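Please look over the structure below with its packing in mind. The report that comes after it deals with the overall make-up, the nonpolar cores, the aromatic pairs and one polar contact.

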Amino acid sequence: MHVVFLVILVALVLFATEPVPIDITAIGIMVALMVLEPWTRVSPAEGVSGFASTATVTVLAMFVLSYGVQRTGAVQILGRKIAAFTGDDEGRQLGATIGVVGSISGFINNTAAVAILLPMVTDLAHEGKTSPSKLLLPLSYASMFGGTLTLIGTSTNILASDLSARLATQDPAAFGELHAFSMFEFTALGLIVSGVGTVYLLTVGRWLTPARIPPREDLTEEFELEEYLTEVVVEDDSPLVGRTVADALAETDFDVDLVQLIRGETTFAEPLGPKEIQSGDVFALRTDRGTLVELIDAEGLALLPEVDVTDAELEGGDDTGLARSLVEVVVAPRSSLVGESLASASFRDRYDATVLALRRGPEYIRERMDHAELRVGDTLLVQATADSVSRLNANRDFIVAQEIERPDYRESKIPLALGIVAAVVTVAALDVLPIMVSALAGALAMVVTGVLKPPEVYDAVEWDVIFLLAGVIPLGIALEKTGGADLLADLVVASADVLPAIAVLGLFYVVTALLTNVISNNASVVLMIPVAAEAAAQLDANAFAFVLAVTFAASTAFMTPVGYQTNLFVYGPGGYRFTDYIRVGAPLQLLFAIATTAGIAVIWGV
């Protein structure tokens, strides 16, 4: 038991600090438990059982179903209709954002729902002259409580259902109330907490949510680039004359980016590397004033007088006749750029795009931006041709934070995709087939009907989540087998001497919520459900009620950017500070603790 607790302690530190991705940490946990089998009592077969878990396979299938709906463009069409309705009324915008994402998140993965809706909500804010910061945090929060409406709303629900069924099988006498969750078993409770969350976000939450990003008039102003964008002309005696742009940039020690090259009446954008520099060329540069002075002296350049580079100038045409665009691009979870820098990833050459600014939460990284290590949620201001923007939009490494027309949406498949999801839900709800079987059948139907192409099935799956689930499931097994769950339950039950059972239930919610705000929600469920079930058994309380409290707490982590993936999605585009999540999220977390505990007590009893 002490060995297992040591593994858990190391895991918690690694989950919280993320020196490596959390899925790698999870696999490390799995390997450690198997290597230490004499102490952990986790056999190799049990160690890898997470890969064959009903929860893991179901989550995998649900990713495919969600992606099928996404590829039809159905959500984008809905977003456009909403934008026409809301206009410039912030209250309507907020209500529509909460209502749409909350409803969608009950039936497709809530992370995917936020990724799909983020561009729509950002555009909705700017077109209505509203700060996107006022809408993006509610978008993330509403996706979380929307995920509590059904079994398939989040991977956390599916995992909790699997753990509940496994505990009931292992010890029917102690955990007789436990079972796998049905599709709509806790929908009534989900509606209660969703109602509480919606009222809060429309009232007190609206007042507490800051307007960090001003309504956009000009992206160069939003990213405060006026002091960092300027134009210079190449003089006759410049050492740059006759060299290619790529060579000149590679050999310079100055922190500078070449945004565009103007030669006579022609403006060139990416790819600029092969262009040979000529006398009289005009460069649009991104650099600070101090570096600019040194650059002019060293490279034979002259500053053009009274320069004011704006969006309009940056979004002109080039020699190929392609319009260039300024767009905000968010580094997505699972992005291959996480841990890389713009320089090491060869961003300019790989994507034919120039990064003008990098925003991390409320902070702008300007000096040596090319060498800053990228993180999930970083927002890049990118200048690129329309073709390059389309490629970025189709790339799973990024979320383009503006609506981009995609001609490859399969709109004719919308009825099929929605029909398949509805069939999966109906079959599982009527208990005709287990949710895992119906979800797999639905994923197969997406391919057979042409909603998805076969290779897209593999692209649809968030493999880091699959490996995370497979890695942490054995941790719960070790906790049960070594008596760790019993010991932790004893400590909690000791509080029952002074607290009623409903207060102990609330305590489990609070502890799980605090834990989830620091580590993965799936890891929280694996650690806390065995303890909650054991505590309920010792208190002679309803084990199902305690499992539900843990499940809802793990699905709603409002107080930190790292508590839930959707919080990280909006961190950069909203320009939020860490304290914003605490100020807006802490009261909501408290309201959810009260609403969840009271709802469980009324519906199921404690």
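What follows is a description of this predicted model, going from the whole chain to single side chains.

**Overall make-up**

The protein has 606 residues, of which 57% are buried, and its secondary structure comes to 28 helices and 10 strands. When contacts between residues at least 6 apart in sequence are considered, 79% of them join residues at least 24 apart. The exposed area of the protein is about 23,000 Å², and carbon and sulfur atoms supply 61% of that area.

**Nonpolar cores**

The largest nonpolar core holds 136 residues, and Tyr141, Leu178 and Phe508 are those with the most contacts inside it. If residues up to four places away in sequence are left aside, Tyr141 touches Leu201, Phe558, Asn567, Tyr581, Val584, Gly585 and Leu588. A second core, separate from the largest one, consists of 19 residues, among them Tyr351, Ala353, Ala384 and Val400.

**Aromatic pairs**

In total, the structure holds 14 aromatic pairs, and two of these are set out in the table with their ring geometry.

| Pair | Centre to centre | Angle between planes | Class |
|---|---|---|---|
| Phe186 and Phe552 | 5.7 Å | 85° | edge-to-face |
| Tyr576 and Tyr581 | 5.9 Å | 70° | edge-to-face |

Why does the pair of Phe186 and Phe552 count as edge-to-face? Its ring planes stand at 85°, and planes over 60 degrees apart are placed in that class. Phe186 lies in the loop between α10 (155–170) and α11 (187–202), whereas Phe552 belongs to helix α26 (residues 543–554), so this pair ties together parts that are 366 residues apart in sequence. Both partners are buried: the relative accessible area is 0% for Phe186 and 2% for Phe552. These two residues also belong to one aromatic cluster, which is formed by Phe181, Phe186, Phe544, Phe552 and Trp604.

In the other tabulated pair, Tyr576 and Tyr581 are both buried, and Tyr581 is also one of the residues that Tyr141 touches.

**A buried arginine**

Which side chain does the side chain of Arg359 meet in a polar contact? The partner is the side chain of Glu328, at 3.1 Å. Arg359 itself is placed in strand β7 (residues 353–360), and with a relative accessible area of 1% it is buried, because that value falls under the 20% cut-off for buried residues.

Methods:
Residues are numbered from 1 along each chain as its sequence is written. This is a predicted model: local features need pLDDT of at least 70, side-chain atom pairs count only at pLDDT 80 or more; totals for chains, interfaces and linings use all residues. Side-chain values use heavy atoms; hydrogens and water are left out. A nonpolar core is a set of buried Ala, Val, Leu, Ile, Met, Phe, Trp, Tyr and Cys residues joined through side-chain atoms within 4.5 Å. Buried means under 20% relative accessible area, exposed over 50%, partly exposed in between (1.4 Å probe, protein chains only). Contact means heavy atoms within 4.5 Å. Rings of Phe, Tyr and Trp (its six-membered ring) pair if their centres lie within 6.5 Å; planes under 30 degrees apart count as stacked, over 60 as edge-to-face and the rest as tilted. Helices (H or I, at least four residues) and strands (E, at least two) are DSSP runs, numbered from the N terminus. A polar contact is a pair of N or O atoms within 3.5 Å; within protein, one must be able to donate a hydrogen and the other to accept it, and residues adjacent in sequence count only if both atoms are side-chain atoms. Accessible areas come from the Shrake-Rupley method with a 1.4 Å probe; for residues, only the protein chains shown count as cover.
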